[in-house]
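Me: Please take a close look at the sheet in this model and at how its strands are covered and paired. Put any side-chain points you need around that, and keep it in one connected answer.

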Amino acid sequence: MNEPLKILFVGDASSFHRTLARGLQSLGHETVVASHGGYWLNTGRDIDLRRRFKGKLGGLDLWLRLRFGLRERMKGFDVVSIAAQSFVDLKPLRKIPIFDFLKGNNRSIFNTALGTDPNYVLQSLDPSSPVRYNEFKIYGEDAPYLKANPTICDEWLTDDLLTLDRHIYGNIDGATSVLYENDVALRRTLPPEKIAYTGIPIDTDALRPVELPDRPEKIRIFLGRYKNRLLEKGTDVMEHAARAIVDRYPGKAELIIVENRPYDEYLELLKSAHIVLDQLYSYTPATNALQAMSYGLNVVSGGAPEFYDFIGERELRPVLHVEPYYESVCDVLEHAVLHPEELRPRGLQGREFVVKHNDYRTVARRALDFWQRRIRIKESC
């Protein structure tokens, strides 16, 4: 089955589906992205699923558009891939008939496991999970995010959300994972043959490397803050550590902070950095880290041995990996500031890593291979 496919993406996060769509288009496939664009991020989409009004009126407006105005534009596709439970911004039980419409009016339906859903939360709380730390738990202890929001897990495990979760996983043709952590969580729910790891697509043509100096005189440490997700991402700890290092070495380092910027503007600002602070509680470099690495920048984030082993990478290990503690971030940043000659070689290795593992055409081929295999199995039954 090598004919061009018509592919519909419903929902998005950090422009994942939009970037994957461009990769698929470059391989000769037809794509449509329906999403709310991350609201203030304003990422690209072909069908706008934003709530246009606040409160219940916004939900009703979106529901009516989905039920009547947009139905004809979201049927007749070979593949539909939804962005986990957040594929549309409606209450959980209102999403079920939308999902059923997509399933009943298209050839196949898949889930892109990105972000949080009840399955991921249950995996995060499970003491037997191989993922030993995350935004909820750190080696069995409550993480700062959970301490500050003690009901957050219960909010993800309501009857309505669990019903939606079971309905989606019970009716999809398969699911793709984008992080090591997502893959571990999927295996709680689906058999191995229904799961494929794709990784996160990065447009390496658009994000061309910048030239880092051989030995920067003053290292620019960059932190992009999302105001409502500081504790969840560990941004507070990373900022605290970065400020401590800049105070300790004021002539050698400076801290640049940007907050809640539109997607394209954020990427332009990112290029000014030498070191980019990403996530504290991750095993896997996610979109922000991979974009920075595509530019040839250094990244402080999750680059755990389990992740590299999972993708089979033995040589390229460019992420400045940190354990989920303030002291670990301080140690990594201090070493980087005191050894500026290491930044450019590591940045070049990071670019090589992204081109090898996360180029948007490479990720698109992984997704296509999986979708086509699952469609063949479905249609032969």
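Reply: Cysteine 330 has a relative accessible area of 7%, so this residue counts as buried, the cut-off for buried being under 20%. Cysteine 153, at 6% relative accessibility, is buried as well. The model is predicted. A disulfide is a covalent bond between the sulfur atoms of two cysteines. The disulfide count here is zero, the rule being a pair of cysteine sulfur atoms within 2.5 Å.

Now the sheet. Seven strands make up an open sheet with parallel pairing, and the order across the sheet is S3-S2-S1-S4-S5-S8-S9. The edges are strand S3 (47-48) and strand S9 (195-197); each has a single partner strand, so one side of each lacks a neighbour in the sheet.

From the S3 edge, S2 and S3 run parallel and are joined by two bridges. In this pairing serine 35 stands opposite aspartate 48 in S3. Aspartate 48 also takes part in a salt bridge: its side chain meets that of arginine 50, with an N to O distance of 2.7 Å. A relative accessible area of 26% puts aspartate 48 in the partly exposed class. Arginine 50, at 35%, is partly exposed too.

At its other end in sequence, strand S2 (30-35) is preceded by a loop that comes after helix H1 (16-26), and histidine 29 lies in that loop. Histidine 29 has 11% relative accessibility and therefore counts as buried. A polar atom of the histidine 29 side chain lies 2.9 Å from the backbone nitrogen of leucine 5. Beyond its neighbours within four places in sequence, histidine 29 is in contact with Glu3, Pro4, Leu5, Ile7, Leu24 and Leu368. One of these contacts, Glu3, also belongs to a salt-bridge network, where Glu3, Asp78, Arg107 and Glu379 are linked.

Further along the order come S4 and S5. Strand S4 (residues 79-83) pairs with S5 in the parallel sense over four bridges, and isoleucine 82 stands opposite asparagine 111 in S5. The connection between them runs through helix H3 (residues 92-104): S4, H3 and S5 make a right-handed β-α-β unit.

Which way do the side chains of S5 point, and are they buried or exposed? In a regular strand the side chains alternate between the two faces of the sheet. In S5, Ile109, Asn111 and Ala113 point one way, Phe110 and Thr112 point the other way, and all are buried. Strand S5 (residues 109-113) is thus described as mostly covered, with five of its five residues buried.

On the other side of S5 in the order is strand S8 (residues 174-177), paired with S5 in the parallel sense over four bridges. Phenylalanine 110 has glycine 174 as its bridge partner in S8, and threonine 112 stands opposite threonine 176. Both faces of S8 are covered, since Gly174 and Thr176 on one side and Ala175 and Ser177 on the other are all buried.

S8 in turn runs parallel to S9, with three bridges joining the two strands. Within that pairing, alanine 175 stands opposite isoleucine 195 in S9. Helix H8 (residues 180-186) completes another right-handed β-α-β unit, made of S8, H8 and S9. S9 is one of the two edge strands, each with a single partner.

A few charged pairs elsewhere round this off. Side chains of opposite charge can pair when their charged atoms come close. The whole structure holds 32 salt bridges. Lysine 137 forms one of them with aspartate 142, the closest N and O atoms lying 2.5 Å apart; aspartate 142 is partly exposed at 33% relative accessibility. In another, the side chains of glutamate 334 and arginine 248 meet at 3.0 Å, N to O. That pair links distant parts of the chain, with glutamate 334 in helix H14 (residues 326-338) and arginine 248 in helix H10 (residues 235-248), 86 residues apart. Arginine 248 has a relative accessible area of 45% and so is partly exposed.

Definitions and conventions:
Residues are numbered from 1 along each chain as its sequence is written. This is a predicted model: local features need pLDDT of at least 70, side-chain atom pairs count only at pLDDT 80 or more; totals for chains, interfaces and linings use all residues. Side-chain values use heavy atoms; hydrogens and water are left out. Buried means under 20% relative accessible area, exposed over 50%, partly exposed in between (1.4 Å probe, protein chains only). A polar contact is a pair of N or O atoms within 3.5 Å; within protein, one must be able to donate a hydrogen and the other to accept it, and residues adjacent in sequence count only if both atoms are side-chain atoms. Contact means heavy atoms within 4.5 Å. A salt bridge is a side-chain nitrogen of Lys or Arg within 4 Å of a carboxyl oxygen of Asp or Glu. Two strands pair if DSSP finds at least two bridges between them. A crossover is right-handed if, with the strands pointing away from the viewer, the path from the first strand over the helix to the second runs clockwise.
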